[in-house]
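Got your viewer open? Here is a short walk through the structure, one selection at a time.

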Amino acid sequence: MKKILLLPLALLGLFLATAPLQAAGLTADEIVARANQASYYAGADGKADVTMTIKAADGGTRERQFTILRLNDGPEDQKFYVYFQAPADVRKMAFLVWKNADREDDRWLWLPALNLVKRIAPGDKRTSFVGSDFFYEDVSGRGIDEDTHSLVEETAETYLVRNEPKDPGSVEFAHYLVWIDKTDFLPRKAEYYNNQGNLYRRVEALRVENVNGHPTVMESQASDLKAGTSTINSFSNVSYDIGLNKRIFSERFLRRPPREVSQ
Amino acid sequence: MPREDNPLMKLRLTDLSLRFPRTVLLLAALLTLLFAWQFPKVKFDNDPENMLSANEPVRVFHHEVKEKYALYDFVVVGIVNETDAEGIFTPATLTRIDQLTHELLSLRLAENGLPEVRDFSRGGQNPGGYRSIDLNPESSWQQALNVAFNHQPNRLFDEQGQSVIIGRELIAPSVVDNIKQADLGSLKLEYLMERAPTTLEEARIIRDDAMNNPLYAGTLVSEDEKAICLYIPIIKKTYSHNVANLVRNLTQDWPEEDEVYITGLPVAEDTFGIEMLVQMATSAPLAGLAIFILLLLFFRNLSLIIAPMVVAIVSVICTMGLLIGLGYDVHIMSSMIAIFLMPIAVADSVHILSEFYDTYPRFQDKRETIRYVIGHLFRPMLYTSLTTMAGFASLATTPIPPVQVFGLHVAFGVGLAWVLSMTLVPAYIMLLVPQKKLQKLTPREKKEIPAGGPLNRILENLGSFSTRRWRPIILLASALVAIAIFGISRIQVNDNPVKWFSPKHEIRVADRVLNSHFGGTYTAYLTLAETQPGICDCEANSNAMSIEVEQRFAEKYPAAVATFREKLAELKKRYGQISGPDVSRAFVELVELAEHLDSKTTALWGELADEINYLNPVGLNSRTLHERIAPLEEIPQEYKRILHEYVEPQSELEGEELLEAALEITDLYTADSFVDFVYEMQAELTAPLFKKPKILAYLAQLQAHLAGNPVVGKTSSAVDSLKKAAYELNYLEPPGGLSQSEQAAYQERNQSYNAIPETAAAVAQVFVQLEGMKKKDSLFHLITRNYQEANVWVQLTSGDNQDMAAVVKDMQVYMQENPPPTPMKIEWAGLTYLNVVWQDKMVKGMMTSLGSSFVVVLVMMMLLFRSVLFGLLAMLPLSFTITLSYGIIGLVGKEYDMPVAVLSALTLGLSVDFAIHFLERAREIQLKTGNWLETAKQMFKEPAMAISRNAIIIAIGFTPLLLAPLVPYQTVGFFLATIMGVSWLATLFILPALLTPLQKIAFRKPEDEA
């Protein structure tokens, strides 16, 4: 699991009601699968306004506001639309991501001031999302088959799952631990360790609320413990199942933002 | 025994020592033990940066800059391949570099306390796992030195056991960002060498990518394609020697063609610190040994000559013990204490020995001989010691803390050496020099003295020469001074810590090789910031908007423009004098107004466009389009008609193409959005300094100017990243099958984007892409996160202070002649610049210190001799010596650097000694003879012997320093010989030559008294 919580568009769907009862005796893989669902697949689609505050080591902050639209497209595939509202100089800038289960993701970029749509070739997803401490992978989720999972500890409230990469060369961590809430299956914290055995990165859910029946991370934080930087994402106007048109997630709507974000 | 006060006072210390020799020896031993006890507490400080006090503004600023831009000290590792036709870009070499990078990144502390790195060796014991590394030297001598100096070669981890290499900031092909074109016109963001190449083609792609990136060509890869540089950032400079050793260890099995060079100021400085300690442990004892052998040659009495050696050793131990005990770090300067103290300490006791040796035959009694000798020498020795102390203590007036500590401690050591000469030497002779041995020597020597040894004979001849040929001597001396002054005028004040190593030292070699391939291994940072940040020129903004809105909208929407300008005028009145948050409030109000203005026209067009945009293109034609649009009540019929009229003539269009066509016409109207206009204006007018295109253009212009300086190999700024990213974002791959001219047109089009984007918003949007590169925050080494300040990484091929200073000066002039569009202040930081500052302070500090100690010594001399003339005469040899030695430095083109500067204090201290001895003895003898020529004759016997022996012992004794691999030690060795030679000449030629014509004035007083 390890799917981090950036996107509060977590869906619990059917599992939600029965989750606490069935939890006992779940394997690590099952826990991770459910956490992944809870974190990234809530509802058929979703929308949220995000205020991203990037904090530098010296305490200085930069703020960005954007709106995210997400549409589940099949059991695993998803589409994301990220539209920047502020600051003024990046207003109308937009990203489009097609998350594909069976191949690399597709990504596009719209830079209004350059009147330019550019496709971004697939690459390392563990790189900074628009200069923040979150990774692209935190936004869209890490494939649950990319790591081996083991249940380290189970308390009354939490599963603690340890994850080790199947291909250590492809990632910067040696392993990471995730604390998953037993009632809603939303990960509350993930901690990443390097090959020297040191904790160097943390992603946390600071505030979780129920939105339209979906437990939703309303505030999350990613910290780069070595560089001393951190980023907080605050979510507002979260809604699920708003009936997003699939056509929104196309190049045409990069140049002309959909109503869902432009108001 | 004469009971006059004077001799009693003079001899009190010595008499005590003669009476209680055992106690004196015991006390000396205890004292030595006490101070030696402090040694284990020693802490070393190899950092020349500490030449500046920690709160020195430039140093504080340097650290602010490092912090602000997350800059670190680098160990520069260059890999050069001169043999392969492909240069450095072969799969084999790149693979090695890739592995080295990952080894460095994987460095960790194993449980056995040794470092370990990931094992890449195919045949290694543990491929894919970790292998242990031990950097301890194999030679047991080196190991012992490391123990003595508390230097742990395997110390590559901080207190928490973390690697001292800052992995995330490592600059190497495998971990630096690359932005390049990929399939289907897409843009790829990855590392320059995502994986090691396996074929020559792959290697060439890496080469081309690197060469096409202005941030890498000349820094990471050499433009001649023969070399690659890794910049290894470390948490503290003092780890650089160990990190350099680690790299040497990791690359030891590389083939010869892939030469590895390690340099950079941090390595140079740290390595110098470590080698200087080694020198402290080898050069100083070697010099001691040489002095010992010379003493033995002169005096042929082992037991006798142990005395000066003991004085020297005890003074050095006590002085170093004091320094350590007081909690000072042993710095580059203080490591030289032993070297400076030894000649001075030896000098005092050589005078005693020399006299003792020559007069013993007369007394045939140790006690009486000592009393006689000390009685003679007390005053000159006291004064020589006091003047030397004054010379060194004056260093305390320099603004350089390590030099202050050095000066005061040497002064202490000189004082101690005097006390020891007065006490320990007599006590030692009484107790440990067997009478028998002296007697055995005496008859032989006694015969020799009248006959005169070769030295005696030479000296006597010289004596008569000096007095008879005083005119030519003075003439010649004056001529020499004139030449020397010319030489001094040509002195180049310059320093470069890398040049502290001898030319064949591996660091010097690396420095030469790498600076010939790259933009330079010396780093300076040029920072730019607004002079008055945060001040909003609201009036100008308002006016700019007023003009712009008129131009864009007046024709079509005169009423709206009028309303808008009214609002602007009102806002200007309300907010005009204020700044900060009010600016955004003003813009909020403008957006509200703009929304209102748009609502009647543009917003409706927007809605129509949205409707079209959301239409399913499947089966859409112009008929169905109108059917879908017609029912929309909120859209004015007029708009629908305009749309209809535009689409109708293109009735063949269907589906997506039809949608595009329909949107073309709506776009025409939605472009007239006041809301967009306000946001656009906000982005342009409130843009931080370094998002403004014209400021960035100025920065680029500055860089271009800097690059014209021959010492500047390369400059990098955020503008370079910006242009590169803008180019790659806008790049269009020419389709296949184009003619040459068509391809050229493509090329030209693409190249036109290799530029600063035209608006602040465009700049901002490109910068956002750079913020999100694979290597996070690397952009912020060159620009602050708020884009208000910028940093230019300036690489110099020379670390000479002169060159750096010239660049600084040049920039100043340039900015005066080409002022920036907005007032900006520029400031420099970086180690190369720091060295300029402390050297400047040092040169000025040394001048004042030399000047003030000169005056102090002159006054002391006048008081001592109770004569202005003798005071002036006493200053003569040292003035002559200083003038001549610095004249030589100027003439041979040796640069005035840190060691040379400090040596002026030693010159002053040492060369005044001979003059004091000479003049004091001359007066004394003159009292007896009453005839100057007779006095001069006598002077060239014992007194001249003592002076000559001293000169020879010190000059030759320190020649081992010339073999040291560190230039400052060589300089000291050379200088000591020069000082001794010149002041010997000055004392034995110029003084008698001057005294001959001046004898009437000089000796009038004593004659009158007589």
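Start with chain B and pick residues 302–325, helix α9. Most of this helix is covered, with 17 of its 24 residues buried. Keep in mind as you look around that this is a predicted model. From first C-alpha to last, α9(B) reaches 33 Å, close to the 34 Å expected at 1.5 Å a residue. Now go just past the helix to G327(B): α9(B) is followed by this glycine, and its phi is positive, near 90 degrees.

Next, stay in chain B and bring up the sheet. You should see an open sheet of 4 strands, in the order β12-β13-β11-β14, with antiparallel pairing. Which strands stand at the edges? Select 712–716 and 824–829: these are β12 and β14 of chain B, and each has a single partner strand, so one side of each is left without a neighbour in the sheet. From one strand to the next, the twist averages 25 degrees.

Zoom in on β11 (522–530) and β13 (789–796) of chain B, an antiparallel pair joined by 8 bridges. For one spot to click on, try T523(B), whose bridge partner in β13(B) is Q795(B). Then add residues 57–68 of chain B, helix α3, which lies across β11, β13 and β14 of that chain. Relative to β14(B), α3(B) runs at about 95 degrees.

Now switch to chain A. Here you'll find 5 helices and 13 strands. The C-alpha atoms fill a box of roughly 50 × 40 × 35 Å along the principal axes. The radius of gyration of chain A is 18 Å, which agrees with the value near 18 Å that a compact globule of 263 residues would have. Of those 263 residues, 49% count as buried.

For a hairpin, select 106–111 and 116–120 of chain A: strands β5 and β6, paired in the antiparallel sense over 5 bridges. W110(A) stands opposite V117(A) in β6(A). The two strands have 4 residues between them, and N115(A), in the turn, has a positive phi of about 50 degrees.

Last stop: show both chains together. The contact takes 34 residues from chain A and 41 residues from chain B. On the chain B side, color β7 (187–191), α20 (602–614), α24 (674–685), α26 (718–730) and α28 (760–771), each of which supplies at least two residues. Which of the elements gives the most to this side? That's α28(B), with 7 residues. Color by class and the side of chain B that touches chain A shows 16 nonpolar, 12 polar and 13 charged residues.

Notes
Residues are numbered from 1 along each chain as its sequence is written. Chains are lettered from A and ligands numbered from 1 in the order in which they are written. This is a predicted model: local features need pLDDT of at least 70, side-chain atom pairs count only at pLDDT 80 or more; totals for chains, interfaces and linings use all residues. Two residues are in contact if their C-beta atoms, placed from the backbone, lie within 7 Å. Ala, Val, Leu, Ile, Met, Phe, Trp, Tyr, Cys and Pro count as nonpolar, Asp, Glu, Lys and Arg as charged, and the others, Gly among them, as polar. The expected span of a helix is 1.5 Å times one less than its number of residues. A residue is buried if 20 or more other C-beta atoms lie within 10 Å of its own, exposed if 12 or fewer, and partly exposed in between; C-beta atoms are placed from the backbone. The radius of gyration is taken over C-alpha atoms; the globule rule is 2.2 Å times the number of residues to the power 0.38. Two strands pair if DSSP finds at least two bridges between them. Axes are lines fitted to C-alpha atoms, for helices over the stretch in contact, and angles run from 0 to 180 degrees between N-to-C directions.
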